[in-house]
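I wanted to look up where empty space is left inside this protein and how some of its helices pack against one another. These are my notes, in the order in which I went through the structure.

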Amino acid sequence: MQQRLNRFWGSVVVVLTVLGILLTINQLFYLSLFGFNPINSAYLYFLLAAFLPMAFIFHPFNKKSENQKVKWYDVLIMVLAFVIPFYMGLNAQRIISEGWEYISPTIATIFSVIFWVIILEGLRRVAGLAIMLISAAFSLYPLISGAVPIGFLSGQTFDFLTTARNHIMSTNSVIGIPFDTVGSLLIGFMLFGVVLTASGGGDFFFNLAQAIFGRFRGGAAKVAVISSAFFGMLSGSAISNTITTGAMTIPSMKKAGYPPHYAGAIEATASTGGTITPPIMGSAAFIMASFIGVPYTEIAMAAAIPAFLYFFALLIQADGYAAKNNLKGIAKEHLPSLGSTLKQGWPFLTVLILLTYLLVVMRNEGQAPFYVSLLLFVLAMTRKETRFTLKKLYNLALDAGRILTELTALIAGIGFIVGSLSITGVSFSFARELVTVAGDNMFLILVAGAVTSFVLGMGMTVSAVYIFLAVVMAPALVQLGIDPIAAHLFVLYWATVSYITPPVALASFAAAGIAKANAMKTGFTSVRLGIVTFLVPFIIVYNPALIGRGEPLEILTVVGTAIIGVFLLASVLEGYVMWAGVMNNILIRIILGAVSLMIIAPFLYLSLIGIGISIVLLLLIRASNKTVTGSEEAVTE
């Protein structure tokens, strides 16, 4: 990569990145700098012109040659990737008023075909061959839609050139809702994540978790969970979070006595939780807000309780393993002081408070991340250890450029999926036919959605899976009377499952590499640790009170029973329950596992029965452990 990003190409990246960010600020703050005030579609084309060309600087044609220099064909593609969307942006008003997606000047049609190929190539370089092939296949679907024999997959057919024009010049495909969300929300939040990391936010959250949780039994694992939760909820990326925090947490857990596969699984599961944890979550959550038509804050608040349950279950299992294996906390002399940590990290807490205020109180979603990024930058400049030098600013621009480029190429590429389903009419008929085929059976549709999300997640990113299923699956769930936010969160949660579930399990395998552990063993351990991800989606559909959709008393009841049930389930999976001790009797353990599911189930009468049974079982476990302890003491005497 060093060879590709020499001084010249690094400068090109910095210039394009700064131009793209300034363009976004001009649009979102209504500044009209130099009289420049483009309509929204023109703005999106100009964003493509700024960020897409960099995909061919950062990523070579052949992934095996990361250090090769930028080739002549990279330069050619890069120039076209700039010129074509720039041309479209200049003509955005004519595209709309004259209906260029159906009849356009010859040059616009030729540009549409070329840009179609360029976007797919950018997607291949950024996200890999598999997702490019999926997107390419969907982009060609309008050519054969009318010939598909399956009724609900049959739609209107278009010729090749009309399909190309629709993909590039309509507001349904490349510059549709997903990419519109990039321009209106995601660029600011991704920039904030980069500034936070560059100014030392990752180190602060790690030290804060160490200061609070490090001294307790299994402290190393608890630090990994909390620090990854902190960092993940701001970065929203499971893989980068695993690699970034895992480099610190996994060796620490191994040193504390956790086996390599378990340490890797803890980190992978905690990092994956960042994609479903407010305030930032992942890019799919912002796209969800646009699809549903609600403020992003509403999505974030709905996701808060399930996210808490996810990390709660992870902490309980980490604690249970430590208790069973007598793993101690980190020695006090090796831990940072809470007071000094807070004193050094107050800028990060300040910007988090400001971000929360702007999102929740002011409802200022588009501008909020720019305000907090500016504040964090200013605060970092006031302190010698965090001050941005010219070299740090240069690296900051490179990191921002890389992240925004990959986001642009990815979302523009999978826009073909939405575009094809929209222009053929399949997206409207699929949901209706799915409900008919399932016979209005909600559970069957949920299982179909879960399986589909999981399978697609093996070869696609969370954003890609979510966008596809938000078009074809979520509407079917809403037609059955399911709360729209619950329906879309169901899809989102199941789309994250593949990060920790073999055979793909990207986060688990990345963590296994750091831990030097068996990849499959790490993956299957991650599945157990992340059990809540598999259960909560079904619960929120049947009882939206778990996402705060209901009366206060109902919400408190559902959340309370869910906490109890998740606590017991996590304890059963680890084989140790606080207060009662180790579960030696396999039959009681199985029964308690079944009872925990009864308590979690969204039916109050089942929960109350389950709580009653669980009390009896816990008393039996405690009594048996006391008996064993007493016998051992007698033998010793």
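What follows are my entries on one pocket, two cavities and two helix pairs in what is a predicted model.

**Entry 1: the second largest pocket**

I began with the second largest pocket, for which I noted about 550 Å³ of space. I counted 17 residues in its lining, and I wrote down Ile21, Ile25, Leu191, Phe377 and Leu396 as those that lie nearest the centre of the pocket. I then asked which elements give two or more residues to this lining, and I found helix H1 (7-28), helix H9 (177-198), helix H17 (368-381) and helix H18 (390-424). Sorting the lining residues of this pocket by class, I obtained 15 nonpolar and two polar residues, with no charged residue.

**Entry 2: H9 against H16**

Having met H9 in the pocket lining, I looked at how H9 packs with helix H16 (residues 338-361), and I noted an angle of about 170° with the axes 12 Å apart. Angles over 145 degrees count as roughly antiparallel, and H9 and H16 are therefore roughly antiparallel to each other. I recorded the crossing of these two helices as left-handed. On the H9 side the contact is made by Phe189, Phe192 and Leu196, and on the H16 side by Phe348, Val351, Leu355 and Leu359. By class I found seven nonpolar residues in the contact of H9 with H16, and neither polar nor charged ones.

**Entry 3: the largest cavity**

I turned next to the cavities and asked how many there are of 30 Å³ or more; the count comes to three. The largest cavity holds about 50 Å³ of space, and I listed its lining as Ser199, Pro347, Phe348, Leu376, Leu379, Ala380, Arg383 and Thr386. The elements that give two or more residues to this lining are H16 and H17, and H17 gives the most, with three residues. I noted that Phe348 is in this lining and also belongs to the contact of H16 with H9. The lining of the largest cavity divides into five nonpolar, two polar and one charged residues.

**Entry 4: the second largest cavity**

For the second largest cavity I wrote down a volume of about 40 Å³. Its lining is made up of Ile276, Pro306, Tyr310, Tyr493, Val532, Thr533 and Val536. Helix H15 (296-324) and helix H26 (531-542) each supply at least two residues of this lining, and the largest share, three residues, comes from H26. By class I noted six nonpolar residues and one polar residue here, and no charged residue.

**Entry 5: H13 against H15**

Since H15 had come up at the second largest cavity, I followed H15 to helix H13 (residues 260-272), and I found that their axes come within 10 Å and cross at roughly 165°. H13 and H15 are therefore roughly antiparallel to each other, and their crossing is left-handed. From H13 the contact draws on Tyr262, Ile266, Thr269, Ala270 and Thr272, and from H15 on Tyr310, Phe311, Leu314, Gln317, Ala318 and Tyr321. By class I entered eight nonpolar and three polar residues for the contact of H13 with H15, and no charged residue. Tyr310 of H15 is part of this contact, and I had already listed Tyr310 in the lining of the second largest cavity.

How values were computed. Residues numbered from 1 in each chain as written. Predicted model: local features only at pLDDT ≥ 70, side-chain atom pairs only at ≥ 80, totals over all residues. Heavy atoms only, no water. 1 Å grid on protein atoms, 1.4 Å probe; cavity = no way out; pocket = protein on both sides within 12 Å on 5 of 7 lines; lining within 4 Å. Points joined across faces, edges and corners; volume = space filled by probe spheres on them. Helix = DSSP H or I, 4+ residues; strand = E, 2+ residues; numbered from the N terminus. Nonpolar A, V, L, I, M, F, W, Y, C, P; charged D, E, K, R; others polar. Axes fitted to C-alpha atoms, helices over the stretch in contact; angles between N-to-C directions. Parallel < 35°, antiparallel > 145°, perpendicular 65-115°, else oblique. Left-handed = near helix turned anticlockwise from the far one by under 90°. Contact = heavy atoms within 4.5 Å.
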